[in-house]
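I opened this notebook to record what I looked up, entry by entry. The topics are backbone geometry, the metal site and the contact between domains.

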Amino acid sequence: MLLLSIETSCDETAAAVVRDGREVLSSVVSTQIAIHAAYGGVVPEIASRKHLESLSPVITKALHDAGIGMEELEGVAVTRGPGLSGALLVGFSAAKAIAAARKIPFVGVHHIEGHLFAPFLEQPVDFPFLALVVSGGHTHLYHVEGFGRYTTLGRTIDDAAGEAYDKSAKIMGMPYPGGVLIDRMAQSGNTDAIRLPRPLLRDGTLNFSFSGLKTAVLQQVAKNPVSIPSQAADDLCASFQKAVCDVLAAKTEAAIRQTGAGRLVVAGGVACNSGLRLRMASLCKQLGVDLAIPHPSLCGDNAAMLAVPGDYYLSHGFISSQSLDVTATWDMDSIKESMK
Ligand code: KG4
Ligand code: ZN
């Protein structure tokens with residue numbers, strides 16, 4: 001199927017044209033980061049209004065870049081949730097309108113399902129596989145048996161990994177979103193310079209906790225203020241990154257051993273992190289597990305990733321109704337039931 005996909009769950013307005021859930025003909029992402037940076041985080045109402053402004057030109061560009069007309073589209077896939085309700089409504093309403101006007105089916109997709117299947121745009125992964133999804137709102141381990149067949153093995157009990165990155169960066173005086181800056185500064189720092197906790201490392205579950213780590217950064221900065229740029233800041237970033245990667249790697253290893261998984265997918269915005277990419281590569285090599293991490297351009301929020309599950313659902317008769325609403329929270333474990 002030739003699909004248009006649309007993503008507006010947070011602060012990226014994105015549209016893509018994808019053939020058969022595999023071939024990306026175009027992918028356009030318009031970010032609002034510079035606007036929200038002034039407030040130190042995403043302001044929901046501003047996000048909705050910016051989506052409203054940007055979405056139409058973004059869709060027009062996606063169609064233009066793909067070299068196709070609206071009349072050639074065979075379906076629309078759109079993020080239905082989770083995310084900011086007002087932001088989701090903009091993309092969802094546009095998807096409904098296009099589907100109604102063109103008399104084509106549309107499907108509302110879970111945002112994390114998009115992240116999970118982003119590697120499929122490069123190379124399909126055989127089922128079943130283990131997935132670590134690390135983003136601004138999620139830090140989850142899933143056992144994935146097929147499209148719509150997910151079991152949550154572990155999840156963060158407080159902050160998500162990306163949230164911990166961004167909040168720690170803010171504490172150190174960096175602009176939002178600081179995850180990528182910590183990653184960059186960590187390259188020149190000493191990972192053993194500052195002792196930081198590894199929360200829940202050996203608690204026997206596959207859950208994560210990052211709020212204590214963020215608090216430890218706060219205490220460290222209160223004791224020894226860091227200026228940016230400085231070696232001290234680089235050292236704190238490197239020590240923080242090591243702590244996050246230690247926990248993510250330990251829990252992923254435990255999940256691989258528990259499930260006997262032979263394949264691992266790592267996805268979501270934090271999968272751009274250079275330390276995590278290296279760490280996951282060495283873990284998988286050591287355990288003899290195949291690793292799929294998408295190219296960084298496919299790790300952050302984009303619309304192309306939604307077309308993978310979108311194509312599956314539409315071609316298997318999961319068509320959303322025109323009366324369907326968005327959902328700010330949505331459990332991955334019961335996804336197929338909630339799509340009917
Ligand atoms: O998946 P994503 O684009 O949006 C959500 O669905 O949340 O993830 C965004 C998160 C942000 O917290 C951002 O700081 C983090 O991913 N991130 C990074 C890096 N690049 C993006 N965190 C650490 N290192 C990076 N290189
Ligand atoms: Zn995301």
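**Entry 1. Backbone geometry.** Before locating any residue, I fixed my terms: helices (H or I, at least four residues) and strands (E, at least two) are DSSP runs, numbered from the N terminus. With that convention, I placed Asp20 in the loop between strand E2 (12-19) and strand E3 (23-31). I worked throughout on a predicted model. I looked up phi of Asp20 and found a positive value near 55°, in a residue other than glycine. I noted for reference that most residues other than glycine have a negative phi, and that most peptide bonds are trans.

I then searched for cis peptide bonds. One joins Phe127 and Pro128, with omega about -10°. I located Pro128 in the loop between H4 and strand E6 (129-134). Another cis peptide bond joins Ile228 and Pro229, where omega is about 0°. Pro229 sits in the loop between helix H7 (211-223) and helix H8 (231-259).

**Entry 2. The zinc ion.** Which protein atoms are donors of the zinc ion (ligand 2)? I listed His111 through NE2, His115 through NE2 and Asp301 through OD, at 2.0 to 2.1 Å from the ion. Along the chain, I read the spacing of these donors as H-x3-H-x185-D. I assigned His115 to helix H4 and Asp301 to the loop between helix H10 (296-299) and H11, so this pair ties together parts that are 186 residues apart in sequence.

**Entry 3. Domains.** I recorded a division of the protein into domain 1, covering 2-117 + 301-338, and domain 2, covering 124-293. I took the centres of the two domains over C-alpha atoms and found them separated by 27 Å. To the contact, domain 1 gives 20 residues and domain 2 gives 20 residues.

**Entry 4. The contact between domains.** I noted that domain 1 and domain 2 bury about 1,700 Å² between them, with 71% of this area on carbon and sulfur atoms. How many salt bridges are there between domain 1 and domain 2? I counted 0 salt bridges. For polar contact, I counted 4 residue pairs between the domains, both residues at pLDDT 80 or more.

I next examined the side of domain 1 that touches domain 2. Helix H1 (33-37), helix H4 (111-117), helix H11 (307-315) and helix H12 (335-339) each supply at least two residues to that side. The largest share, 5 residues, comes from H4. By residue class, I divided this side of domain 1 into 13 nonpolar, 3 polar and 4 charged residues.

Key. Residues are numbered from 1 along each chain as its sequence is written. Chains are lettered from A and ligands numbered from 1 in the order in which they are written. This is a predicted model: local features need pLDDT of at least 70, side-chain atom pairs count only at pLDDT 80 or more; totals for chains, interfaces and linings use all residues. Side-chain values use heavy atoms; hydrogens and water are left out. Domain bounds come from an automatic or database domain assignment. Contact means heavy atoms within 4.5 Å. Buried area is the accessible area (1.4 Å probe) that two parts lose on being put together, summed over both. A salt bridge is a side-chain nitrogen of Lys or Arg within 4 Å of a carboxyl oxygen of Asp or Glu. A polar contact is a pair of N or O atoms within 3.5 Å; within protein, one must be able to donate a hydrogen and the other to accept it, and residues adjacent in sequence count only if both atoms are side-chain atoms. Ala, Val, Leu, Ile, Met, Phe, Trp, Tyr, Cys and Pro count as nonpolar, Asp, Glu, Lys and Arg as charged, and the others, Gly among them, as polar. Donors are N, O and S atoms within 2.8 Å of the metal (3.2 Å for Na, K and Ca); water is not among the atoms, so sites may look incomplete.
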